Each structure stands twice: as structure tokens, then as C-alpha cells.
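Me: I'm new to reading protein structures and would love a close look at a single part of this one. Could you walk me through it step by step?

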Amino acid sequence: MVEGSAQRIALVNPGGHWQAGLDALGAMLNGTTKAWAGLPLEISLSGRWSHMVVAPWSDALLSEPGAARFLQSQLTALYGDAARGWHVVGDDAPYGQARTVCGIDATLLRALAELAGDCGRFCRVIEPLLCTALRCLPAEESRARSAALALIETGRITMAALDRGRIVAIQSQPAGGAWRQELPQAWQRWTLRVPELTAIERVAVVDLGATADIAPGAIAQLVAETLPPRFRLLDHPFGVADTSLAEPCPGVASARVAA
């Protein structure tokens with residue numbers, strides 16, 4: 001990835017539709033330095049626009065189109081009929097194991113590819129923010145048999161249980177501004193429903209809801225003072241949000257320029 005090219009866009013988007021994020025991304029790409037022209041893009045999407053679920057194993061996964069129908073049905077069961085128009089992909093979990101599934105509005109995917117083309121770019125990766133955050137994990141945690149990651153976005157907490165870097169369970173819920181108080185409670189409720197999670201001793205935290213006017217060091221100190229020792233803040237995977245485009249709000253699009 002090109003040094004210093006990771007950028008986060010915060011925007012006013014009360015309706016939650018992705019078009020505002022798309023417009024802001026276009027404005028950012030058209031304003032980037034010529035030195036980055038033609039380099040491929042890696043785009044990370046807010047959890048508002050990339051929806052995930054862990055699907056149980058099924059023999060339907062052994063062949064297409066049964067696998068596609070099964071994965072779509074898992075998202076539809078959780079998110080409703082809107083999921084029928086999503087582009088759905090699943091990971092390559094071994095035989096007999098649950099699969100992590102992601103659904104993104106197919107129209108949004110096409111629009112992102114077209115926007116990149118119009119700006120003279122190629123989209124190499126389009127992925128959920130949760131997958132981007134996973135790459136922040138230290139090697140010892142990404143290889144561990146039992147680990148966890150909590151992703152904080154404005155208005156949402158997403159927790160993932162991990163087995164050697166693979167997502168084996170996901171829990172997402174709305175959150176207020178006081179996520180430092182809400183996260184320990186959310187983790188406790190989840191472990192009560194899924195007792196095997198109690199074996200996880202540490203939870204890595206990636207805070208993508210931080211405002212641009214708070215220095216990273218101050219954020220780390222604040223989290224250390226207000227969160228139980230189980231929770232540990234990781235480095236931010238993106239730069240400071242570009243608030244020249246708009247004010248921070250629940251919809252966040254992120255982009256990285258890759259060499």
C-alpha cells in the first residue's frame with residue numbers, strides 16, 4: 001500500500017443510503033495527488049452497507065447453484081427480503097465447518113467499479129471494514145485458536161470471535177456515543193448466550209468511530225482508563241477522517257490506494 005494513502009471519509013448521511021458515501025469517495029479520488037493516478041484501490045465499506053453472518057455447514061455448499069441459494073437464504077433470514085438483491089460471497093472454510101458470509105447491495109458494487117473506472121482506477125478489493133480491521137491483529141492473535149475483535153463504528157459495535165484468524169461467530173448491535181461503557185456489557189451478554197466465548201481472555205478493539213479532533217494518544221489513554229483490562233485498543237488502520245467533505249455520522253466509507 002502506498003505510504004499515507006489510506007483515508008477515511010466521514011459524511012452527513014442520516015438516511016443511511018450509500019449514495020452519499022459514493023459521492024464523497026468520488027470527490028476524494030478526483031482530488032488525490034497525481035502521483036497516485038492509475039494505482040488500484042482497496043475499498044472498505046461500513047457495516048451499514050456490508051452485512052455479515054456466520055452460516056452453518058450444509059451439504060448445499062458442495063455445489064453451485066445450491067451453495068449460492070443457501071448463503072443468500074442465511075442473509076435473508078437475518079436481514080429480510082432486501083438481502084435478495086445483494087451480491088453474496090462466502091469464505092473457503094474447510095468441509096463441515098461454518099462459513100462467514102458477506103452480502104453487499106449489487107447496485108453499490110457496480111457503482112463503485114464504475115466510479116473507479118471513471119477516475120482512472122481499478123478496484124482490487126472491496127470488503128467490509130471488519131475484514132480490514134482483522135489485519136490489524138498482531139500475528140500471535142491472528143494465529144491463536146481463540147481470540148476476539150471488537151469493531152467500533154459510529155452508532156454500532158460489531159464483535160467477532162476468531163479461530164486462527166477465521167471468523168467463527170459475529171454479534172453486531174447499535175451503540176451510543178458511550179461505547180466504552182457499552183462494549184463490556186455487550187461482550188458479557190454475548191458470552192452468556194455463547195458460553196464457550198468465556199475462554200477468550202483478551203478482546204482487541206479497533207475504534208473507527210473516533211472523531212478527528214482527538215489525538216490517537218489521547219484516545220488510547222482514555223480507553224485504557226475506562227475499559228476493563230480484557231479490552232486492548234489496536235492501531236487505527238486508516239488516517240484521520242477527512243471532515244472537509246462533511247461532518248462525522250453513521251455512514252463511513254474508507255479507501256486505500258495500493259501499489
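Me: How many bridges join S4 to S5, and which way do the two strands run? Please start there and then tell me about the surroundings of S5.

Reply: Happy to! Please keep in mind that this is a predicted model. S4 and S5 are joined by 5 bridges, and the two strands run antiparallel.

Let's look at the individual pairs. Trp86 has Asp105 of S5 as its bridge partner, and His87 stands opposite Ile104 in S5. If you check the C-alpha atoms of that second pair, Ile104 and His87 are 5.3 Å apart in space, with their positions 17 residues apart in sequence.

S5 also has a neighbour on its other side. Between S3 and S5 there are 6 bridges, and this pair runs antiparallel too. Here Val53 has Val101 in S5 as its bridge partner. Put together, the 3 strands make an open sheet in the order S3-S5-S4, with antiparallel pairing. S3 (50–55) and S4 are the edge strands, each pairing on one side only. On average, neighbouring strands in this sheet are turned by 20 degrees against each other, direction ignored.

Now for what covers the sheet. Helix H2, residues 66–79, lies across S3, S4 and S5 and runs at about 110 degrees to S3. H3 packs on the sheet as well, where it touches S4 and S5, and its direction makes about 70 degrees with that of S5.

How much of S5 is covered? Mostly all of it is: 6 of its 7 residues are buried. Two of its residues are worth a visit.

Start with Cys102, which lies in S5. Cys102 counts as buried because its relative accessible area is 9%, and the cut-off is under 20%. Leaving aside residues up to four places away in sequence, Cys102 touches Ser50, His51, Met52, Leu75, His87, Val88, Val89 and Pro128. Pro128 is 26 residues away from Cys102 in sequence, yet their C-alpha atoms are 7.9 Å apart in space.

The other is Ile104, also found in S5. Ile104 is buried, with a relative accessible area of 5%. Leaving aside residues up to four places away in sequence, its contacts are Leu45, Trp49, Ser50, Trp86, His87 and Leu109.

That last name, Leu109, takes us into H3, where Leu109 is among the buried residues. H3 has 13 residues and reaches 18 Å from its first C-alpha to its last, close to the 18 Å expected at 1.5 Å a residue. At its start, a side-chain oxygen of Asp105 comes to within 2.8 Å of the backbone nitrogen of Thr107. You have met Asp105 already, as the bridge partner of Trp86. Just after the helix, Gly120 takes a positive phi of about 75 degrees.

Along H3, the buried residues are Ala106, Leu108, Leu109, Ala111, Leu112, Leu115 and Ala116. The buried residues of this helix pack against H1, S2, S4, S5 and strand S6 (123–128). In soluble globular proteins, nonpolar side chains tend to be buried together.

That brings us to the wider setting. The largest nonpolar core has 36 residues, and Leu149 and Leu162 have the most contacts inside it. Among the elements that each supply at least two residues of this core are S5 (99–105), H3 (106–118), H1 (19–30) and S2. The largest share, 6 residues, comes from H3. A second, separate core has 19 residues, including Ile157, Met159, Trp179 and Trp187.

For a look at one of the best-connected spots of the largest core, try Leu162. Not counting residues up to four places away in sequence, Leu162 touches Leu134, Leu137, Arg145, Ser146, Ala147, Ala148, Leu149, Ile167 and Val168.

One last stop is S2, a strand that the buried residues of H3 pack against. Ser44 has its place in this strand, which covers residues 41–45. Ser44 is buried, with a relative accessible area of 0%. The side chain of Ser44 makes a polar contact with the side chain of Thr132, at 2.6 Å.

To retrace the route on your screen, begin at S5 between S3 and S4, add H2 lying across the three strands, and then follow H3 from the sheet to the largest core.

Definitions and conventions
Residues are numbered from 1 along each chain as its sequence is written. This is a predicted model: local features need pLDDT of at least 70, side-chain atom pairs count only at pLDDT 80 or more; totals for chains, interfaces and linings use all residues. Side-chain values use heavy atoms; hydrogens and water are left out. Helices (H or I, at least four residues) and strands (E, at least two) are DSSP runs, numbered from the N terminus. Buried means under 20% relative accessible area, exposed over 50%, partly exposed in between (1.4 Å probe, protein chains only). A polar contact is a pair of N or O atoms within 3.5 Å; within protein, one must be able to donate a hydrogen and the other to accept it, and residues adjacent in sequence count only if both atoms are side-chain atoms. A nonpolar core is a set of buried Ala, Val, Leu, Ile, Met, Phe, Trp, Tyr and Cys residues joined through side-chain atoms within 4.5 Å. Contact means heavy atoms within 4.5 Å. The expected span of a helix is 1.5 Å times one less than its number of residues. Two strands pair if DSSP finds at least two bridges between them. Axes are lines fitted to C-alpha atoms, for helices over the stretch in contact, and angles run from 0 to 180 degrees between N-to-C directions.
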